[in-house]
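Reader: I would like to go through this model with you, beginning with its reliability and then moving to particular sites. Could you put it up first?
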Amino acid sequence: MARSVPRSGFWLSLAICIADIAKVVLLMRFDLHLHTTASDGHLSPAELVIAALSAGLDAIAVTDHDTVAAVAPALDSAAGSQLRVIPGVELSATYDSRDVHILGYFVDCEDSTFLARLEVLRAARLTRAIAMVDSLAAAGMDMSIDEVLELTAGGSVGRSHVARALVDRGHAKSVAEAFELLIGRGRPFYVPKPGTSALDVLSVVRAAGGISVLAHPGVTKVDDLIPALIDAGLGGIEAFHGEHSSADRERYSKIAHEAGLLCTGGSDFHTSSSPGPGLGQVEMPDSVLRDLLHAAGSRSSRS
Ligand SMILES: [Zn+2]
Ligand SMILES: [Zn+2]
């Protein structure tokens, strides 16, 4: 009897050890929705790669707003490491005057037609930022578009840069307050995005060889648009988004599964100080990454 205790202890330790190995071998850690300083994220592409490596991630997708400028530097930074970098983009679009965000995975970042389309989308962002700054300045909130653009460091300008400039000037206590009181949807200085049709955006992603995925439908509240987007060639739904509840995740996984679409997911990480799950912290099944890689592989082998 006395000897059976250490023996069972040995088997228990062995079982735990095997489980740990299985966890390392079988479970992938990845994040398929990330922003950098090329749009409104706070980490440079190289810093993002370092953060992903220190978080132990196996794969990331770089998905900046209306630009792929961070993809090549992120690929360079990750070269020779365990980290796989998936080229991506997050395109802003509208459908019936409602905001729709489309993620494009495995887009050809050197396709000149695609890059020209991205430039048009970025020009629309600039026009919108200027309109917001003009109306804020006209209401007595002294600021200039140059201050806003300085915060972009040459990347895609967005409302969060306007919000940061408002905070720097003391017109708002925080970025969140700037959105809540001034430039959020329905607030006095909100300027709607000039509309690029979501259907058009889907065809832009397709033409660039990419897979289009509806980003965070639970945040943009666009469930009713999903059937039309599927008809127009949508390839997947971002079921596992950082701001989705578990009910959202389950609902969108089911919709995607029934329609034969991919399910993707990610934190939508911008900065570690923003609320919500951090880099790589949205849990999702390994099949999410596996299926995306498989779909990308079968697309390139068809072409
Ligand atoms: Zn988005
Ligand atoms: Zn995003």
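Reader: What is the average pLDDT, and what share of the residues score at least 70?
Author: This is a predicted model. The average pLDDT of the protein is 90, and 90% of the residues score at least 70.

Reader: Where does pLDDT stay under 50?
Author: That is the case over residues 1-5. For this stretch the model has 0 contacts beyond four places in sequence.

Reader: And the overall make-up: how many helices and strands are there?
Author: The protein has 12 helices and 7 strands. Of its 303 residues, 42% are buried.

Reader: What share of the contacts with a separation of 6 or more comes from residues 24 or more positions apart?
Author: Such pairs account for 68% of those contacts.

Reader: Let us turn to helix α3. Which of its residues are buried?
Author: In α3, which spans residues 71-78, the buried residues are Val 71, Ala 74, Ser 77 and Ala 78. They lie on the same side of the helix, because the arc they cover around the axis is only 130°.

Reader: What do the buried residues of α3 pack against?
Author: Their partners are helix α2 (45-54) and the strands β2 (59-62) and β3 (84-95).

Reader: Which residue follows α3, and what is its phi?
Author: Gly 80 follows the helix, and its phi is positive, near 85°.

Reader: Which residues other than glycine have a positive phi?
Author: Phe 106 is one of them, with phi near 60°. Asp 268 is another, with a positive phi of about 65°.

Reader: Where does Phe 106 lie, and is it buried or exposed?
Author: Phe 106 is in the loop between β4 (98-105) and α4. Phe 106 counts as buried because it has 21 C-beta neighbours inside 10 Å, and the threshold for that class is 20 or more.

Reader: Same question for Asp 268: where does it lie, and is it buried or exposed?
Author: Asp 268 belongs to the loop between β7 (262-266) and α12. Asp 268 is buried, since 25 other C-beta atoms lie within 10 Å.

Reader: Back to Phe 106. How far is its C-alpha atom from that of Ala 296?
Author: The two C-alpha atoms are separated by 6.9 Å, although Phe 106 and Ala 296 are 190 residues apart along the chain. Ala 296 is part of helix α12, residues 286-302.

Reader: What else is Ala 296 in contact with?
Author: Beyond its neighbours within four places in sequence, Ala 296 is in contact with Tyr 105 and Ile 211 as well as Phe 106.

Reader: Why does Ala 296 count as partly exposed?
Author: Ala 296 has 18 C-beta neighbours inside 10 Å, and therefore falls short of the 20 needed to be buried while exceeding the 12 that would make it exposed.

Reader: A different topic: α5 and α6. At what angle do their axes cross, and within what distance do they come?
Author: The axes of α5 (residues 145-152) and α6 (residues 159-168) cross at roughly 115° and come within 9 Å. The crossing is right-handed.

Reader: Which residues make the contact?
Author: Helix α5 contributes Glu 147, Val 148, Leu 151 and Thr 152, while α6 contributes His 161, Val 162, Arg 164 and Ala 165. By type, the residues of this contact divide into 4 nonpolar, 2 polar and 2 charged.

Reader: What about Asp 142: where is it placed, and is it buried or exposed?
Author: Asp 142 sits in the loop between α4 (112-138) and α5. Asp 142 is exposed, because 10 other C-beta atoms lie within 10 Å.

Reader: What does Asp 142 touch?
Author: Not counting residues up to four places away in sequence, Asp 142 touches Ala 137 and Arg 169. Asp 142 and Gly 170 are 28 residues apart in sequence, with 9.8 Å between their C-alpha atoms.

Reader: One last site, Ser 39. Where is it, and is it buried or exposed?
Author: Ser 39 is in the loop between β1 (30-34) and α2. Ser 39 counts as buried because it has 26 C-beta neighbours inside 10 Å.

Reader: Which residues does Ser 39 touch?
Author: Leaving out residues up to four places away in sequence, Ser 39 touches Asp 64, His 65, Thr 67, Gly 155, Ser 156 and Gly 158. From C-alpha to C-alpha, Ser 39 and Asp 64 are 5.5 Å apart, and in sequence they are 25 residues apart.

Notes. Residues numbered from 1 in each chain as written. Chains lettered and ligands numbered in written order. Predicted model: local features only at pLDDT ≥ 70, side-chain atom pairs only at ≥ 80, totals over all residues. Axes fitted to C-alpha atoms, helices over the stretch in contact; angles between N-to-C directions. Helix = DSSP H or I, 4+ residues; strand = E, 2+ residues; numbered from the N terminus. Left-handed = near helix turned anticlockwise from the far one by under 90°. Contact = placed C-beta atoms within 7 Å. Nonpolar A, V, L, I, M, F, W, Y, C, P; charged D, E, K, R; others polar. Arc of directions from axis to C-beta. pLDDT = per-residue confidence, 0-100.
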